[in-house]
Amino acid sequence: TPDFTAQLHYLDTLAIRNRIQSNLQSPGLTGIFLTHAHIGHYTGLMYLGRESMGSAETPVYAMPRMREFLAANGPWSQLIQLKNIALRPLLDGITIKLNERLSVTPFRVPHRDEFSETVGYFITGPSRSVVFIPDIDKWEKWETPVENWIRKADIALLDGTFYEDGEVPGRPMSEIPHPFITESIERFRLLPTSEKNKIHFIHFNHTNPVLHKNSAVTQKIEGAGFHISKEGEQLEL
């Protein structure tokens, strides 16, 4: 994201804490998986460049259109030319095995794909799995029922960008489509409690009232059996 520097620093502090607790070395930044070419999801790459970190061939995993976009447009193309990043190919539905413990499978979802395709990820660890879908237009526009992925995963991190329609004043929200949390609650209300308990809403716009802790909206969502993700949460896989 554009807040990459602050977020990387925060992740480093968590890594140091985990290293002390587990007597392990801090893992550092070993790679980046991109979902799509919208401002909040790739522009932090600029901090890997010559003017900032000057990183050396940081692996960046991306789908075909996303790779083409980076390679053909500055300043992102300079990251490739100076070998600050090393593009690694992703393909829809093809699993990438990172090591003996972790694997990642991208899958396409319908979204505003002006400059690239959009993907979610299915992440598998030694004990548990996570489905990660931060951006999608509407669940109904996807030919794959999202419930299939919820059923397959142990944890479902799902698009909760907006709570309800009308949340962004002065703009038709049809121009920035996402499944409203109110719509998701209605869609998922008949799921078994065990399935609803997997769902963690993520990716909150600054207008989203769930950002206000202990609000009536927060209580309503959690009372319905769902979770609201919070900064600093760690999910064991």
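Which residues form one aromatic cluster? Tyr42, Phe69, Trp76 and Phe115 do. The views below come from a predicted model.

**View 1. An aromatic cluster joins Tyr42, Phe69, Trp76 and Phe115.** A search of the whole structure finds 10 aromatic pairs. One of them is formed by Tyr42 and Phe69. Their geometry is edge-to-face, with the ring centres 5.7 Å apart and 80 degrees between the planes. Tyr42 belongs to helix 2 (residues 39–42) and Phe69 to helix 3 (residues 64–72), so the pair ties together parts that are 27 residues apart in sequence. Tyr42 is buried, at a relative accessible area of 10%. Phe69 is also buried, at 13%.

**View 2. The rings of Phe107 and Trp142 are stacked.** Their planes are at 10 degrees and their centres 5.8 Å apart, so the pair counts as stacked. Phe107 sits in strand 5 (residues 103–108). Trp142 sits in the loop between strand 7 and helix 5. The pair thus links distant parts of the chain, 35 residues apart. Both residues are buried.

**View 3. Two lysines lie over aromatic faces.** Lys138 is placed over the face of Phe180, at 3.8 Å from the ring centre. Lys152 is placed over the face of Phe122, at 4.7 Å from the ring centre.

**View 4. The largest nonpolar core holds 26 residues.** Ile133, Trp142, Leu158, Phe188, Ile199 and Ile221 touch the most other members. Three strands each give two or more residues to this core: strand 7 (129–133), strand 8 (155–159) and strand 9 (199–202). Helix 5 (146–152), helix 6 (181–188) and helix 8 (216–223) do likewise. Another core, of 16 residues, lies apart from it. Phe4, Leu45, Ala62 and Leu79 are among its members.

**View 5. Leu158 and its contacts.** Neighbours within four places in sequence are left aside here. Leu158 is in contact with Ile133, Trp139, Val146 and Ile150, among others. Its contacts also include Phe188, and the run Ile199, His200, Phe201 and Ile202.

**View 6. Seven strands make an open sheet with mixed pairing.** The strand order is 4-5-6-7-8-9-10. Strand 4 (96–97) and strand 10 (227–228) stand at the edges. Each has a single partner strand, so one side of each is left without a neighbour in the sheet. Strand 6 (residues 119–124) pairs with strand 7 in the antiparallel sense, over four bridges. Ile123 stands opposite Val130 in strand 7.

**View 7. Ser215 and Thr218 both reach the backbone oxygen of His212.** Ser215 is found in the loop between strand 9 and helix 8. Ser215 is buried, with a relative accessible area of 17%. Its side chain reaches the backbone oxygen of His212 at 3.1 Å. Thr218 is found in helix 8. Thr218 is buried too, with a relative accessible area of 7%. A polar atom of the Thr218 side chain lies 3.2 Å from the backbone oxygen of His212. Beyond its neighbours within four places in sequence, Thr218 is in contact with Pro209, Val210, His212 and Ile228.

**View 8. Ser215 and Thr43 stand apart.** The two are 172 residues apart in sequence. In space, they are 32 Å apart, C-alpha to C-alpha.

Definitions and conventions:
Residues numbered from 1 in each chain as written. Predicted model: local features only at pLDDT ≥ 70, side-chain atom pairs only at ≥ 80, totals over all residues. Heavy atoms only, no water. Core = buried A, V, L, I, M, F, W, Y, C linked by side-chain atoms within 4.5 Å. Buried < 20%, exposed > 50% of the residue type's maximum accessible area, 1.4 Å probe, protein only. Contact = heavy atoms within 4.5 Å. Phe/Tyr/Trp six-rings, centres within 6.5 Å; stacked < 30°, edge-to-face > 60°. Lys NZ or Arg CZ within 6 Å of the ring centre and 35° of its normal. Pairing = 2+ DSSP bridges. Polar contact = N/O pair within 3.5 Å; in protein donor to acceptor, adjacent residues only side chain to side chain.
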